[in-house]
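Q: I should like to learn how the features of a protein model are read, one after another. May we begin with the structure itself in view?

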Amino acid sequence: NNIAIFASGSGSNFDAIVQKVEKGELDVNIALLVCDRIGAPVIEKAQKYEIDTVVYRPKSFSDKSEYERAVLDDCRKRDVEFIVLAGYMRLIGPTLLQPFEQRIINIHPSLLPAFPGKDAIGQALEKRVKVTGVTIHFVDGGMDTGPIIAQEAIEVSDADTAIDIKRKIQAVEHRLYPKVIQSLFIKEESQ
Ligand code: GRF
């Protein structure tokens, strides 16, 4: 059960997934962290857990597909079967999508199809929604599109700031993502 996690940022979801694996509650091997931002805090987290990491500067490649070929190569070398996006701020192109069809998932901090793209929490706040939440979905070529696997709602009160909403959303994300990853693997094994 080799998975790669792709992340660009702070890595709180990465951390939550690793902790479940360490506790023996999630039956996968995190074979690789792919990070596309030099200096991102998630890199230090991976070092702490001694997880194999590659860090790229996509701009130093001639185009997206050249960058993704390098990433594909990293995944193949480690027999990665499944890719988990956890705050990876980049669209996945055909170079990775084709070989990993139905094998890339993403987590997004809204109830999709509402508020796709950047700053989903800010978008929700601006619309004064009473309910928002978390979506986990298969990745296709679009921005936060693709078949939905799981969703969970949180309530927003009038007094909530962006920080309050983020805190509620992250609590859900850190519980839901490991659970969904586990259930996807169980399903695969029983086929
Ligand atoms: C999460 O809110 C996730 O839904 C979104 O990016 C954020 C990543 O946060 N795609 P972190 O780096 O895991 O803390």
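Q: Which residue follows H2, and what is the sign of its phi?
A: The model is a predicted one. The residue that follows H2 is Glu50, and its phi is positive, near 55°.

Q: At which other residues is phi positive, although they are not glycine?
A: Asp79 is one of them, with phi near 55°. Asp119 is another, with a positive phi of about 50°.

Q: Where do Asp79 and Asp119 lie with respect to the helices and strands?
A: Asp79 belongs to the loop between helix H3 (64–77) and E4, whereas Asp119 is found in the loop between E5 and H5.

Q: Why does Asp79 count as exposed, and why does Asp119 count as partly exposed?
A: The class follows from a count of C-beta neighbours: a residue is exposed if 12 or fewer other C-beta atoms lie within 10 Å of its own, buried if there are 20 or more, and partly exposed in between. Asp79 counts as exposed because it has 10 C-beta neighbours inside 10 Å. Asp119 has 13 such neighbours, so it counts as partly exposed.

Q: Where is there a cis peptide bond?
A: The angle to inspect is omega. A cis peptide bond joins Leu112 and Pro113, with omega at about 10°. Pro113 is in the loop between E5 and helix H5 (120–126).

Q: Let us return to H2. Which of its residues are buried, and how are they placed around the axis?
A: The general idea comes from the helical repeat: an α-helix has 3.6 residues a turn, so residues three or four places apart point the same way. In helix H2 (residues 41–48), the buried residues are Val42, Ile43 and Ala46. They lie on the same side of H2, because the arc they cover around the axis is only 105°.

Q: Which residues does the opposite face of H2 carry, and against what does the buried side pack?
A: On the face turned away from the buried side of H2 are the exposed residues Glu44, Gln47 and Lys48. The buried residues of H2 pack against strand E1 (2–7), H1, strand E2 (29–35) and strand E3 (53–55).

Q: How does one read the surroundings of the ligand, and which residues are the closest?
A: One lists the shell of residues, then asks which elements supply them. Here 13 residues surround the ligand, and the closest are Gly9, Ser12, Asn13, Gly87 and Pro109. Helix H1 (12–22) and strand E5 (104–108) are the elements that give two or more residues to this shell. The largest share, three residues, comes from H1.

Q: How many residues of the shell are nonpolar, polar and charged?
A: The shell around the ligand divides into five nonpolar residues, seven polar and one charged.

Q: Which residues does UniProt list under "binding site"?
A: The unreviewed UniProt entry lists Lys64, Met89, Arg90, Leu91, Ile92 and Asn106. Among them, Arg90 is in the loop between strand E4 (82–85) and helix H4 (94–97), and Leu91 is also in the loop between E4 and H4. Arg90 counts as partly exposed because it has 14 C-beta neighbours inside 10 Å. Leu91 has 13, so it too counts as partly exposed.

Q: What contacts does Ala162 make beyond its neighbours in sequence?
A: Contacts of this kind show which parts of a chain meet in space. Ala162 is in helix H6 (residues 162–189). Leaving aside neighbours within four places in sequence, Ala162 is in contact with Ile121, Gly122 and Leu125. The C-alpha atoms of Ala162 and Leu125 are separated by 6.9 Å, although these residues are 37 residues apart along the chain.

Q: How is the fold as a whole summarised, and how many helices and strands are there?
A: The protein chain has six helices and seven strands. Along the sequence, they follow the pattern β-α-β-α-β-α-β-α-β-α-β-β-α. Of the contacts with a separation of 6 or more, 66% are between residues 24 or more positions apart.

Q: What radius of gyration would a compact globule of 191 residues have, and what is the value for the protein chain?
A: A compact globule with 191 residues would have a radius of gyration near 16 Å; the protein chain has 16 Å, which agrees. Its C-alpha atoms fill a box of roughly 50 × 40 × 35 Å along the principal axes. Buried residues make up 36% of the 191 residues.

Terms used:
Residues are numbered from 1 along each chain as its sequence is written. This is a predicted model: local features need pLDDT of at least 70, side-chain atom pairs count only at pLDDT 80 or more; totals for chains, interfaces and linings use all residues. A residue is near a molecule or strand if its C-beta atom, placed from the backbone, lies within 6 Å of it. Helices (H or I, at least four residues) and strands (E, at least two) are DSSP runs, numbered from the N terminus. Ala, Val, Leu, Ile, Met, Phe, Trp, Tyr, Cys and Pro count as nonpolar, Asp, Glu, Lys and Arg as charged, and the others, Gly among them, as polar. UniProt positions are given in the numbering used here, feature names are shortened, and annotations may be inferred rather than shown by experiment. The radius of gyration is taken over C-alpha atoms; the globule rule is 2.2 Å times the number of residues to the power 0.38. Two residues are in contact if their C-beta atoms, placed from the backbone, lie within 7 Å. The arc is that of the directions from the helix axis to the C-beta atoms.
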